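Colleague: I am new to reading models like this one, so could you take a close look at one part with me and then show me a few other places to compare?

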Amino acid sequence: MKEKISFLENKIDLNSPNKNIVPITTKVEINGKLSIGGCFIDDLIKRYDSPLYILDESTLRNSCRAYKKALEKHYPGKSLPIYASKANSSIFMSNLIASEGFGLDAVSEGELLTALKGGVPNEMIVFHGNNKSDKEIEFAVKNKIKVIVDNNHDLKRLEEISKSFNCDLDIMIRFTPGIECHTHEYIRTGSFDSKFGFGIESLKNLFKFINKTKHLKLIGLHAHIGSQIFELDPHKDLGEIMVNKILEAKSFGHNIKELNVGGGLGIKYTEQDDPPSIEEWIKTVSISVIKACEKNNLKLPTLMCEPGRSIVSTAGVTIYKIGSFKEIPGIRTYISVDGGMSDNPRPITYQSNYSACLVNNPLNLDEKFKAKYTVAGKHCESGDVLFKELELGQCKTGDLICVFGTGAYNYSMSSNYNRIPKPATVLVNNGEAEIIQKRETPLDLLKYDVLPDRFIK
Ligand code: LLP
């Protein structure tokens, strides 16, 4: 008898994929093997090799629809969910979110270009960043993309660049609302001590200053308080603080039509995580904005939010092949896989935890062979460990491991450390698999190396 059921046997919440560890189409088939999107994982590896990122289209679309539906249900004014493309930027992701009626948040010329190539209409894109280059600002202005102003330098450059283009620009202002939330300190952004945005205390002067500019028109306010947040209260407070700032802007003659509350909703990486649903999050934000507007007799602004992780993380998994075993008697057994910190830098950066199982023995029905392993990556760094302790069934070299919840901030933060090529990404849906990102090769990595002529003998 098994003592506890596996996370693979949890009931799946189709309406809020962020509440599941696994993509919503995940199944343990009758032959005991794991499938996602109707595709057997071991077959995918035979076809596409390992390591491999897999994205499940149904999970992606259900996440997008949950945001859309909740906004329609709980917010009577206009609304626009915007995908934070830093979570996973690709032509495919841009195309998918545009097809679901989402806008997109970009923070570099690369992300902007990817969005445009993927078919996101320019008027649905917002451009963020605490140190945008002139070239990037010019790219945004030329393409009529709305800029979210982060600091005085940004403001000055925007005024100068719009003057040189002889055009007027709609801008939004990002500010730090002074809200603390419980998440890793590297991904907390709403407190006063943050590199992002204007301090809340500087807004009055800023509103005055913008009045003096010739080409800039302030139409919106933005704040983002952090990422992987499980509490609802910070976002309840945020709605109210932001509406109060609309009032303050009004007293300086600005008509704020758009309110962007950022992203931040957490996802379930492990059994211990219990994030709110997408609907609960949207409902909390909506009620706080609606109430504060009613209290102050303000027309409802267009409500925007910027989810990243809760759109793409649960839709993604990474498959690795087990290579070497190293048993240190009385201490631990290392198993090493064919990827690691280059395709998933989150464990070494944030001490992040994930859930995983064997692809061809996911439920580990034979309890006799249960063992705990430390799962290490293949990079030259002792800290390159994906799991400090992972319970698996009997496994051997060549077996496959599926790590869940890797759709966000894995590929987008990946590197080529040790000149390791990035894995391919495959989209699965209804039993079909399609490549959306090709596997890099070692030769690709040499493409930008140059040996000056005088070194060539
Ligand atoms: N909007 C802004 C302005 C942001 O800075 C972010 C995330 C988002 C939206 C989306 O937040 P989300 O819904 O994904 O929580 N690399 C870290 C996460 C960094 C988040 C950066 N900003 C990680 O792997 O956990």
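Colleague: Between which two strands is the loop that holds Arg 419?

Modeller: Happy to help! This is a predicted model, where local features need pLDDT of at least 70 and side-chain atom pairs count only at pLDDT 80 or more, while totals for chains, interfaces and linings use all residues. Residues are numbered from 1 along each chain as its sequence is written, and side-chain values use heavy atoms, with hydrogens and water left out.

Arg 419 sits in the loop that runs between β19 (400–404) and β20 (424–429). Helices (H or I, at least four residues) and strands (E, at least two) are DSSP runs, numbered from the N terminus. The phi angle of Arg 419 is near 55 degrees, which is positive although the residue is not glycine. Arg 419 counts as partly exposed because its relative accessibility is 44%; buried means under 20% relative accessible area, exposed over 50%, and partly exposed in between (1.4 Å probe, protein chains only).

Now follow the chain past β20. In the loop between β20 and β21 (432–437) you will find Asn 430. Its phi is near 50 degrees, again a positive value in a residue other than glycine. With a relative accessible area of 71%, Asn 430 is exposed.

Another backbone feature is at Pro 51, in the loop between α1 (41–48) and β4 (52–56). The peptide bond leading from Ser 50 to Pro 51 is cis, and its omega is near -5 degrees.

For a loop residue that is buried, look at Lys 268, between β12 (258–260) and α9 (278–295). Its side chain reaches the backbone oxygen of Asp 273 at 2.8 Å. That is a polar contact: a pair of N or O atoms within 3.5 Å; within protein, one must be able to donate a hydrogen and the other to accept it, and residues adjacent in sequence count only if both atoms are side-chain atoms.

Finally, visit the ligand. Of the 20 residues around the ligand, those that come nearest include Glu 306 and Arg 346; a residue counts as near if one of its heavy atoms lies within 4 Å. A polar side-chain atom of Glu 306 is 2.6 Å from a ligand nitrogen, and one of Arg 346 is 2.6 Å from a ligand oxygen. Taken alone, the ligand exposes 590 Å², and the protein buries 92% of that, with accessible areas from the Shrake-Rupley method with a 1.4 Å probe (for residues, only the protein chains shown count as cover).

Technical notes. Lys and Arg count as positive and Asp and Glu as negative; His and the chain ends are not counted. A salt bridge is a side-chain nitrogen of Lys or Arg within 4 Å of a carboxyl oxygen of Asp or Glu.
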